[in-house]
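Please have the model open beside this text, since each paragraph below takes up one part of the chain. The account goes from a turn to its sheet, then to the helices, and ends with the whole protein.

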Amino acid sequence: MKYHEMTVHRRAPLPACDLASVDGIPVTAAHRTLLDLGAVVRDAKVEIALDDALRRELTTLPQLRWHLGTTGGRGVRGTAALRRILEARLEDRGVCHSPLETMARRLFRNSGLPGPLKQYDVVEAGTHLGRLDFAYPQARVAVEVLGWKWHSGRQGWERDLRRRTLLESFGWMVLEFTWNGVMHHRDYVV
């Protein structure tokens, strides 16, 4: 039998606004969980969790800002990390749909590149060509980050080829990067 280690963190009793219930089981609310994560993991992991919570509508950016304003003062662990992430989001609108997209967005933001639009719908001559992970529409540059979940297998591969061909036929340059590129070949991606 294999055993897994677990670290348990205890806190003083939490206010009611920091609690939620899942199937009758009391849990910390998403905004509190993100704050607590900021104390124990790197910013990139907190940002991935933030995008997941936003995508699943477990919290909102205004709720997080309110929560930080009311309970995230000096000495509250995780506050600095969550503040850094939210500060970076002031001009960086939109939610990424995968951890790979979150990491690519962090790479673009930290590289000094102008921020691309996220989840950009391309419509040309009345035809919807597809939704891009990232786009610089004025330059007609599409940036796709290709993870195994959505882009593997014959159907995914053929769908990606059709969409890329369509986009290129309308003058778009399509740049495609994988997890390995985004995480380990950052200069190349930038």
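In strand β4, His128 is the bridge partner of Val123, and in the same strand Ala135 is the bridge partner of Leu117. The strands meant here are DSSP runs of E with at least two residues, while helices are runs of H or I with at least four residues, both numbered from the N terminus; two strands are said to pair if DSSP finds at least two bridges between them. By that criterion β3 and β4 (residues 127-136) are antiparallel partners, joined by 7 bridges. This is a predicted model, in which local features need a pLDDT of at least 70 and side-chain atom pairs count only at pLDDT 80 or more, whereas totals for chains, interfaces and linings use all residues. Residues are numbered from 1 along each chain as its sequence is written, and side-chain values use heavy atoms, with hydrogens and water left out.

The two strands form a hairpin with 2 residues between them, and in its turn Ala125 has a positive phi of about 50°. Most residues other than glycine have a negative phi, which is the reason to look at such positions one by one. Ala125, in the loop between β3 and β4, is exposed, with a relative accessible area of 73%; exposed means over 50% relative accessible area, buried under 20%, and partly exposed in between, with a 1.4 Å probe and protein chains only. From Ala125 to Trp157 there are 32 residues in sequence and 25 Å in space, C-alpha to C-alpha. Gln119, another residue other than glycine, also has a positive phi, near 50°, but Gln119 lies within strand β3 and counts as buried, at 17% relative accessibility. Arg140, which is not a glycine either, has a positive phi of about 60°; Arg140 belongs to the loop between β4 and β5 (141-146) and is partly exposed, with a relative accessible area of 27%.

How does the hairpin fit into the sheet, and in what order do the strands come? The sheet is open and has 4 strands, in the order β3-β4-β5-β6, with mixed pairing. Because β3 (117-124) and β6 (173-178) each have a single partner strand, they stand at the edges, and one side of each is left without a neighbour in the sheet. From one strand to the next the twist averages 45°. Leading into β6 from α7 (153-169) is a loop that contains Gly171, a residue that is partly exposed at 47% relative accessible area. The C-alpha atom of Gly171 is separated by 24 Å from that of Arg105, 66 residues apart along the chain.

Turning to the helices, two packed helices are described by the angle between their axes and the distance between the axes. Helix α3 (residues 61-71) and helix α4 (residues 79-88) pack at about 140°, with their axes 11 Å apart; axes are lines fitted to C-alpha atoms, for helices over the stretch in contact, and angles run from 0 to 180 degrees between N-to-C directions. Leu61, Leu64, Arg65 and Leu68 of α3 meet Thr79, Leu82, Arg83 and Leu86 of α4, where contact means heavy atoms within 4.5 Å. The residues of this contact divide into 5 nonpolar, 1 polar and 2 charged, if Ala, Val, Leu, Ile, Met, Phe, Trp, Tyr, Cys and Pro count as nonpolar, Asp, Glu, Lys and Arg as charged, and the others, Gly among them, as polar.

These two helices also take part in the surroundings of helix α1 (residues 30-38), where Ala30, His31, Arg32, Leu34, Leu35 and Gly38 are buried. The buried residues of α1 pack against β2 (25-28), α2 (43-55), α3 and α4.

Taken as a whole, the protein has 9 helices and 6 strands, and its C-alpha trace spans about 60 × 45 × 35 Å along the principal axes. Of its 190 residues, 37% count as buried, and residues 24 or more positions apart account for 54% of the contacts with a separation of 6 or more. The average pLDDT, the predictor's confidence in each residue from 0 to 100, is 84, and 91% of the residues score at least 70. Among the elements, β6 has the highest mean pLDDT (93) and helix α6 (residues 148-151) the lowest (60).
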